[in-house]
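These are my notes on one structure, taken in the order in which I looked things up. Sequence and coordinates come first.

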Amino acid sequence: MQHFSDILSGLNERQKEAVLTTEGPLLVLAGAGSGKTKVIAHRIAQIIQRGASPKRILAITFTNKAAEEMKIRIAQLLLADGKSGSAASRKSPSPDSMPFVGTFHALGVQILKRHGSRMLIPQNFTILDESDTKQVCKELGEELALDTDTYDTERLRASISRLKNELISAADFARESAQEDERAYEAILSKMYSAYEARLFKTGSLDFDDLLIKTVFLLETQKDVLGYWQKQWDYIHIDEYQDTNKAQYAVSLLLAREHKNIAVVGDIDQAIYSWRGGDTRNISYFERDFPNARVIALEDNYRSTKIILEAAHNVIVHNAQRKNITLRTKNPDGERITIRVLENEKKEAETIVQDIGALQQSGVPFSDIAVLFRTNAQSRAIEEAFVQSAVPYKLVAGVRFYERKEIKDVLSYIRYIANKKDTLALKRIINTPLRGIGAVLAAKYVAQKPLKDNEKARIGQFENMIKDISDVAKTKKIRELLKYVILRAGFKKHHSKTDDGKDRIKNIEELITVADKFEGLTPKESMEKFLEEAALMSEQDLIAQGSEKVHLLTAHAAKGLEFRVVIIAGMEEGLFPHVLSQEEGRTEEERRLFYVALTRAKEKVVITLTTRRMLWGELLFNDPSRFLREIPQHLTTINEYKEALEEESGETIHYS
DNA sequence: GGCTTGCCTGTTTTT
DNA sequence: CAGGCAAGCC
Ligand SMILES: Nc1ncnc2c1ncn2[C@@H]1O[C@H](COP(=O)(O)OP(=O)(O)OP(=O)(O)O)[C@@H](O)[C@H]1O
């Protein structure tokens, strides 16, 4: 037993109990910063230490970034314990010696790649992102001749996603809505859903929801497949359990119900994804389906100061639908929370950057500081201030890297090479860069209609190019393949024409850097893995590890992370809580989001808000967020902008 | 077929 | 205010 010591040292009694409870169901419910994620990492290391094969361990995280972190932590623990002799580093170790650590979506990809053919899902399926699915719905809206004034294809798309999250298939829904008047929304939705599924099938594509729902259907209908995966993993772990949805719950139940070695950890107060199907009732379902589950509460917070924790506590207790939990800390009281009221978003941004400058002077590295906000749109003003004052920063949101136009264009070539049924990608690349194949001819070609001679010539050139690229793909890995695509399709020239072309080329070059990671694989594998990563990448993946940069991110994207100093910007009514979430239940989720934001901080919280803010060229006069009144006054220091107010009113009188 | 212009509309969070 | 999109011009 002695060799467990390293893995168990540095854990409190409850944490040790959770780590050592490896057989049977385990539910860890505990507040922010209490070491839930740490427990999972140590538990896995401990199981491996005890002699289990890493391959038989499954761990589900909320993001890919969290998965990478988890792998590193496990590897370091094992190394510290002196069992595995290979070199330690921040790099994740080889897959064979490591458990499967990934998101539910990544798990779905793995299962569907292996056994999806049972459900007529090709091995080389394309994963559609949200903009792809929007495009599909738009096209289908036109093809089905829906009256777009009455039927918003975007709303239909959202409805389809909601149905999928509820595990309702197109066939199920068609049955359910059969009685409806054919003009009723349900009837149109049903028609759309079926057409959508047919289109995805025809193009060999799956959307994000499919990665979960098709996995559930596969495991439910194919006994031997279920058996295969049940036997694959003897120990199952799930982090951030409060935000799992119905399909994810089903997957975990299916995989765990035989051996019942399943450990889930979560915090109901941190449930912030209900709009995506996240359902905290999964915790009660867990207790129902695993009635003998050991339940462990962790009550010590190791992250934050007493003041931060007390503030967060006083905020969250305003939620009516909530069970109280204990969370205490031995950390010092720490500094009061600073609340700064600024004149407008520009001043807010400047103040934030000034504060950060002062913090750095006093010895806080930039990388220990994060600026959190409710909406991505807020980042623009803040970014400008960073650029102005040359403080290094990393925006962990905004236009996701792989969704940038120039990136998606290049990516679509690879997608099409990998899956020739992917007509969405085909339509995108056929005339990008421009090569004289307009919408009309493209549609004709995709529909395989006969072409005129001059049309054939243009299409022939395109086909030759695709053939050349396909040939290269057979022998060269993704990195070289990308370079070839860029060359052969003429992207450099294409981008040299526009103003922001330099930035775009820079982004494309970054894409090639990403591809470096897959050099160790065969050409085919490297292409597949690359596409998978591109489709499943999470925002947190953009976090600049080890670099001296302030991180700018939404409160949602900060889930699970921690920083010495957290600055929360835009703490105003209408923004936080957001104007679109002000109905009853949804304000509670906004409050939880604020709770998450506060509890990311180890040492210091600064909250900023403005009295006026520009939104779409209109001046808004927002009140301070209701959540601020919930923080006891003795925990805060308020900085109003008195002089600024006076100046401003003087100006107003003078000039208008 | 490709490009420009000007209108319009939509306001949140993301695997 | 910005991005998307249709109409209209070259
Ligand atoms: N027993 C312990 N002793 C010292 N530090 C600990 C202990 N347990 C956890 N920590 C530290 O506390 C911090 C929070 O841990 P962790 O991220 O695992 O918490 P969590 O419960 O998953 O948090 P959250 O739910 O807020 O994301 C980490 O820095 C971790 O190293």
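Which residues of the largest nonpolar core touch the most other members? I found L107, L255 and F286 in that role, in a core of 63 residues. A nonpolar core here is a set of buried Ala, Val, Leu, Ile, Met, Phe, Trp, Tyr and Cys residues joined through side-chain atoms within 4.5 Å. Buried means under 20% relative accessible area, exposed over 50%, and partly exposed in between, with a 1.4 Å probe and protein chains only. Helix α9 (residues 185-202) gives this core its largest share, eight residues. Another core, of 44 residues, lies apart from it and has Y413, V472, L481 and A534 among its members.

Ground rules, before going on. This is a predicted model, in which local features need pLDDT of at least 70 and side-chain atom pairs count only at pLDDT 80 or more, while totals for chains, interfaces and linings use all residues. Residues are numbered from 1 along each chain as its sequence is written, chains are lettered from A and ligands numbered from 1 in the order in which they are written, and side-chain values use heavy atoms, with hydrogens and water left out.

**Core contacts and domains**

I listed the contacts of L107, contact meaning heavy atoms within 4.5 Å. Leaving out residues up to four places away in sequence, L107 touches L58, I60, F100, W233, V251 and L255.

For chain A the domain assignment gives domain 1 (3-111 + 213-301), domain 2 (126-203), domain 3 (307-400 + 544-640) and domain 4 (401-536). The bounds come from an automatic or database domain assignment. I noted 38 Å between the centres of domain 2 and domain 3, taken over C-alpha atoms.

**Two leucines**

I placed L140 in helix α6 (residues 130-143); helices (H or I, at least four residues) and strands (E, at least two) are DSSP runs, numbered from the N terminus. L140 counts as buried because its relative accessible area is 2%. Residues up to four places away in sequence aside, L140 touches M192, A195, Y196 and R199. S205 is 65 residues from L140 along the chain, and their C-alpha atoms are separated by 15 Å.

L482 belongs to helix α21 (residues 478-489). Its relative accessible area is 0%, so L482 is buried. Beyond its neighbours within four places in sequence, L482 is in contact with V410, I414, L511, I512, A515 and F530. L482 and L620 lie 46 Å apart, C-alpha to C-alpha, with their positions 138 residues apart in sequence.

**Two loop residues**

T21 sits in the loop between α2 (13-20) and β1 (26-30). Why does T21 count as buried? The reason is its relative accessibility of 8%. I checked its side chain for polar contacts (pairs of N or O atoms within 3.5 Å; within protein, one must be able to donate a hydrogen and the other to accept it, and residues adjacent in sequence count only if both atoms are side-chain atoms). The T21 side chain reaches the backbone oxygen of E17 at 2.6 Å. Not counting residues up to four places away in sequence, T21 touches L26, R43, R294 and I296.

S625 is in the loop between β16 (618-620) and α26 (626-629). With 1% relative accessibility, S625 is therefore buried. Its side chain reaches the backbone nitrogen of F627 at 3.1 Å. With residues up to four places away in sequence left out, S625 touches M571, E572, E573, F576 and P577.

**Ligand**

I counted as near any residue with a heavy atom within 4 Å of the molecule or strand. The ligand is surrounded by 19 residues, the closest being Q15, K36, T37, R303 and E562. Helix α3 (residues 36-49) supplies the largest share of this shell, three residues. One ligand nitrogen is 3.1 Å from a polar backbone atom of G10. A ligand nitrogen lies 2.8 Å from a side-chain N or O atom of Q15, and a ligand oxygen lies 2.7 Å from a side-chain N or O atom of T37. Taken alone the ligand exposes 640 Å², of which the protein buries 83%. Accessible areas are from the Shrake-Rupley method with a 1.4 Å probe; for residues, only the protein chains shown count as cover.

**DNA strand B**

Around DNA strand B I found 29 residues, of which R374, N376, N431, G438 and W616 come nearest. Of the strand's atoms within 4 Å of the protein, 54% belong to sugar or phosphate and the rest to bases. A polar backbone atom of N376 is 2.6 Å from a phosphate oxygen of DNA strand B. R276 has a polar side-chain atom 3.2 Å from a sugar or linking oxygen of the strand. For W616, a polar side-chain atom lies 3.4 Å from a base nitrogen of DNA strand B.
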